Amino acid sequence: MQGKILSPQLISGDDGKRYEYDKNDVINLDGKDLAMLTGSQVEFLSFDKRVAKSIYIINENLNVSSILSADSIRSARLKALWGIGLLFFNFILYIGLLFVNFIQDIWQNIGHIIIIVSFVLYSMAIYSVSKAAASKSLFINYIISVIISFLGIFLFFMLAPSGASGVSVVFSLGTMIALILAIYLYKIHDELAGLSGSSLFLWAFWIFVVSVPFCFLFIMFLGFVFFFFIPGFGGLIMAWVLLFIAWWRLGKVEKR
């Protein structure tokens, strides 16, 4: 008999009936996540009216909805890779903005949308990993880091520099917020490294921490001190690449 996977526990048969099943009865699952296979066509045997056995997937249906809704490591990896990739694309547009004026129109039109989408995808990835690892701290630390980031951006615009005293206040406050943010970012990447067994998460973090000040110096001096560009933006690219590889290699996590 043929049918369609409705959920990790339920199959809809072509006869109009619904059959319960166990993932161990899926012959060619090969470690795939059933939550991401919703809608896939299957063949199966049934020795009673409610249970499916000897299930064989004949046509996989990996759709965006099932990938986003799944909380498996595979789903988390895909969401993180898409989030990092989109943010990197936006970063390249910003680099072009520094040197080519016509890119400004492109970045203003789609840059903010890309940032929001990548942020949502990466947040979902962190949540999926924390749930898969039964971690009580990973997602909480991530949320705290997000709040600190938005708080820093808000205060920066509220206390926009007005004279030497204004610059001093913003610099002092910004440095304090950046240090607190760095602590929580370290906690996040340290836990990801521990859960996955990959030190690339920590390498990406440290390179990012070193690169960000050079980026600010380059922007503050309006590019006149080109020496800051390579360790700044070049370092950010290296950090992104390492983080991308770390997520790409993520296969399983240890339970906490």
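**Exercise 1. Which side chains meet in a salt bridge, and what parts of the chain does the pair link?**

Start with the pair itself: Glu-20 and Arg-50 meet through their side chains in a salt bridge, at 3.7 Å from N to O. The term stands for a side-chain nitrogen of Lys or Arg within 4 Å of a carboxyl oxygen of Asp or Glu. Next, place the partners: Glu-20 sits in strand S3 (residues 18-20), while Arg-50 sits in the loop between strand S4 (41-45) and strand S5 (53-59). They are 30 residues apart, so the pair links distant parts of the chain. Helices (H or I, at least four residues) and strands (E, at least two) are DSSP runs, numbered from the N terminus.

A quick word on the model: it is predicted, so local features need pLDDT of at least 70 and side-chain atom pairs count only at pLDDT 80 or more, while totals for chains, interfaces and linings use all residues. Residues are numbered from 1 along each chain as its sequence is written, and side-chain values use heavy atoms, with hydrogens and water left out.

**Exercise 2. Sort Glu-20, Arg-50 and Glu-191 into buried, partly exposed or exposed.**

First, the cut-offs: buried means under 20% relative accessible area, exposed means over 50%, and partly exposed is in between (1.4 Å probe, protein chains only). Glu-20 counts as partly exposed because its relative accessibility is 42%. Arg-50 has 56%, so it is exposed. Glu-191 has just 6%, so it is buried.

**Exercise 3. Where is Glu-191 found, and what joins its side chain to Ser-135?**

Look in helix H5 (residues 163-196) for Glu-191. Then follow its side chain: a polar contact of 2.4 Å joins it to the side chain of Ser-135. Such a contact is a pair of N or O atoms within 3.5 Å; within protein, one must be able to donate a hydrogen and the other to accept it, and residues adjacent in sequence count only if both atoms are side-chain atoms.

**Exercise 4. What elements does the protein chain hold, and in what order do they run?**

Count them up: there are seven helices and five strands. Now read from the N terminus on, and the order is β-β-β-β-β-α-α-α-α-α-α-α. To finish, add the burial figure: 39% of the 256 residues count as buried.

**Exercise 5. Where does Val-120 lie, and how accessible is it?**

Find helix H3 first, since that is where Val-120 lies. Its relative accessibility is 39%, so Val-120 counts as partly exposed.
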